[in-house]
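This report covers charged side-chain pairs and one helix packing. Please read it with the model open.

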Amino acid sequence: MKKTLTLLLLLPIILFSCKSETSKDMTHLYTNDLIHETSPYLLQHAHNPVNWNAWNDKTLAKAKTEKKLLLISVGYAACHWCHVMEHESFEDSLVAQVMNKDFINVKVDREERPDVDQIYMSAVQLMTGSGGWPLNVIALPDGRPVWGGTYFKKEQWIDILNQISKLYVENPDKLYEYADKLSQGIKSLDVVSLNTDEPVFETAFIDDALKNWSKNFDHTNGGMNQAPKFMMPSNYHFLLRQAYQNNDKDLQEFVNVTLTQIAYGGIYDHLGGGFSRYSVDEKWHVPHFEKMLYDNAQLVSLYADAYLITKNPLYKKVITETLEYIENDMTASNGAFYSSLDADSNTPEGKLEEGAFYVWTKNELKTLLKEDFDLFLEYYNINDYGLWEHDNYVLIRKDDDASIIKKFQINEKQLAEKKQQWKTVLLNVRNKRDKPRLDDKTLTSWNALMLKGYVDAYRVLGDKSFLEAAEKNANFIISNQLREDGGLNHNYKDGKSTINGYLEDYAATIEAFISLYENTLNETWLTTARDLANYTFDHFFDDSSKMFYFTSNSDASLVSRSIEYRDNVIPASNSIMAKNLFKLSHYFDNEHFSKSAMTMLNNVKPEMKEYPSGYSNWLDLMLNYTNPFYEVAIVGKDAKQKITDLNKHYIPNKLIAASTTENNLPLLENRYNPQETFIYVCVNKACKLPVKDVGKALEFLKE
């Protein structure tokens, strides 16, 4: 790999990353081919003077026919620096002349086309050692990349384009030679070899991985010892489970400090609910203000389990307020969930600025809150601790309610009433401001994550409106995204689904449907999950590595067909898939599913210990093998009530199969008694004697 990287660094293009002044807005004069797209991000560029094209067969064929270089620019609607580069360069007629003369220009919404984003992000990371968005890549007419970077000032951008155009005319062989080497490097990045060693999963392995990981824990502010800070819900879900399942008090403390500090931080919207994508500082204070559906979905699930364990009212508040935000700002009338809110919004002067919708000046707050200002100042740190820039404050908590109550000599009820009053007053003012732009497209994978978030909130808090929202969204997926051939579509906008589903869509939907089955006993969700799993074996499975490709075998081929297996802000599609197969193997007594899950985990095991934070969802699966994993079968007319009682306890190492009538699922067959409701606790195909009492079943589950 070192040789490959050395070769890839030979191309003498210097990358820059700094700010510049915005250029004149020319958007009202032009219209390009993106006007026919449905993606809000692509439509934002439909009036650029650049002759943008969407990524499709027609565009790629045009590049080959005209023998022109492809200029591929990847971004997304909530990306701040994508907007900056658009204003500075893509709206500039001089820049457009250069781009239109020598290139076939392609705009890509990374959320609609994660497959394209993955390939070219890998290329840029190989070339430069890092990546990000906007992602700008120049490729040969056949799509193979030869140069790439992220954000560029206008002058730098023009200079780079001219250099590469000249090289393509005068010495094209150099670019083709480089493309060959770079393509080899891309293909080597996500190669997973079949691990022929015997699968052995032991507690000691996880303990060793945690020792490496914990060296980077920030025990004061929570999270990792670094800035910026991303919340990484999958990491804390695993650490939460590891801590409580194995009674690790120190790890329990670290996870709860992290969840508390995130909820106290400015990264959490204390007025409107919901979380921004990440904080730029170490104390979770100043967010990069965009709000993404996938973050909020996973954080609801995380805080639900944390509340189930701790009964911390802060966690409950986070769950309910976040779901209020999702309902108010991110949900369509048909039950679908939108994708994101932009970081930028207009100031009162009409200037687009990051965070303008969310921040406050001290004078504004004094005027609005009057005699309550001193208490508000202390609670949300309208002081040096909460100051951001340009005299703007981002609300952040430092002390718990008990400390504030003691300091101001008020009671809990009075403080609660004050907080509600502040929220009402400030939201009334904030909602009159220009709101951030909404990306109202729907993505199946992200919807499934949010669906599961609603199910988890219902499981823990028992609010039936949460279950209703989950079921409505699940029915939306079935009605609009599930095709007659049994496959899923990836996107939905204005009644159209135009993109074939990726592995992430199947993995997240299967997981959500299993969770929905466990809480409704509606077997349709479970059988649909199984059918989708079978579909992935037919269209995504790599027989040599026993892993799943990210793209279907019916999709057009790209530079490389990648296997996504490293967990990130969203867990890898392969790790979610392996957990799904583990569960489905129990439900349907399916040896193929069982063996596949074990093989997939064994394949990634050699990398897990060295970089555990990139494999947290895999480590969560490993806990299913290192600790007993229970099948809880409940059969009888009171099954739903017994599930509700069981769900009041944190038992991550179990699955639930249940029915109120006779049922032929392997775990339920021949167990129905019309007079009684029995609970069967089983492990490794051996069951305890059936019991009627949930308390007795819990004793079995804790043995």
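## Salt bridges overall

The count comes to 40 salt bridges, each a side-chain nitrogen of Lys or Arg within 4 Å of a carboxyl oxygen of Asp or Glu. Side chains of opposite charge can pair when their charged atoms come close.

This is a predicted model: local features need pLDDT of at least 70, side-chain atom pairs count only at pLDDT 80 or more, and totals for chains, interfaces and linings use all residues. Residues are numbered from 1 along each chain as its sequence is written, and side-chain values use heavy atoms, with hydrogens and water left out.

## Three pairs and a network

Arg144 and Asp142 form a salt bridge at 2.9 Å, N to O. Arg144 is buried at 19% relative accessibility. Here buried means under 20% relative accessible area, exposed means over 50%, and partly exposed lies in between (1.4 Å probe, protein chains only). Asp142 is partly exposed, at 39%.

Lys407 and Glu378 also pair, at 2.7 Å from N to O. Lys407 sits in helix α16 (residues 401-408) and Glu378 in helix α15 (residues 373-380), so this salt bridge ties together parts that are 29 residues apart in sequence. Helices are DSSP runs of H or I with at least four residues, numbered from the N terminus. Lys407 is exposed, with a relative accessible area of 54%. Glu378 is partly exposed, with 22%.

Asp531 and Arg530 meet in a salt bridge of 3.2 Å, N to O. Asp531 is partly exposed at 41%, and Arg530 is partly exposed at 26%. Elsewhere, salt bridges that share partners join Asp109, Glu111, Asp439 and Lys441 into one network.

## Packing of α9 and α24

How do α9 and α24 pack, and at what angle? Helix α9 (residues 203-214) and helix α24 (residues 616-626) pack at about 150°, with axes 10 Å apart. Axes are lines fitted to C-alpha atoms over the stretch in contact, and angles run from 0 to 180 degrees between N-to-C directions. The angle makes α9 roughly antiparallel to α24, a term for angles over 145 degrees.

The crossing of α9 past α24 is left-handed: the near helix is turned anticlockwise from the far one by less than a right angle. On the α9 side, Thr203, Phe205, Ile206 and Trp213 make the contact. On the α24 side, Ser616, Leu619, Met622, Leu623 and Thr626 do so. Contact means heavy atoms within 4.5 Å. By class, this contact has six nonpolar, three polar and no charged residues. Nonpolar covers Ala, Val, Leu, Ile, Met, Phe, Trp, Tyr, Cys and Pro; charged covers Asp, Glu, Lys and Arg; the others, Gly among them, are polar.

Methods:
Helices (H or I, at least four residues) and strands (E, at least two) are DSSP runs, numbered from the N terminus. Angles under 35 degrees count as roughly parallel, over 145 as roughly antiparallel, 65 to 115 as roughly perpendicular and the rest as oblique.
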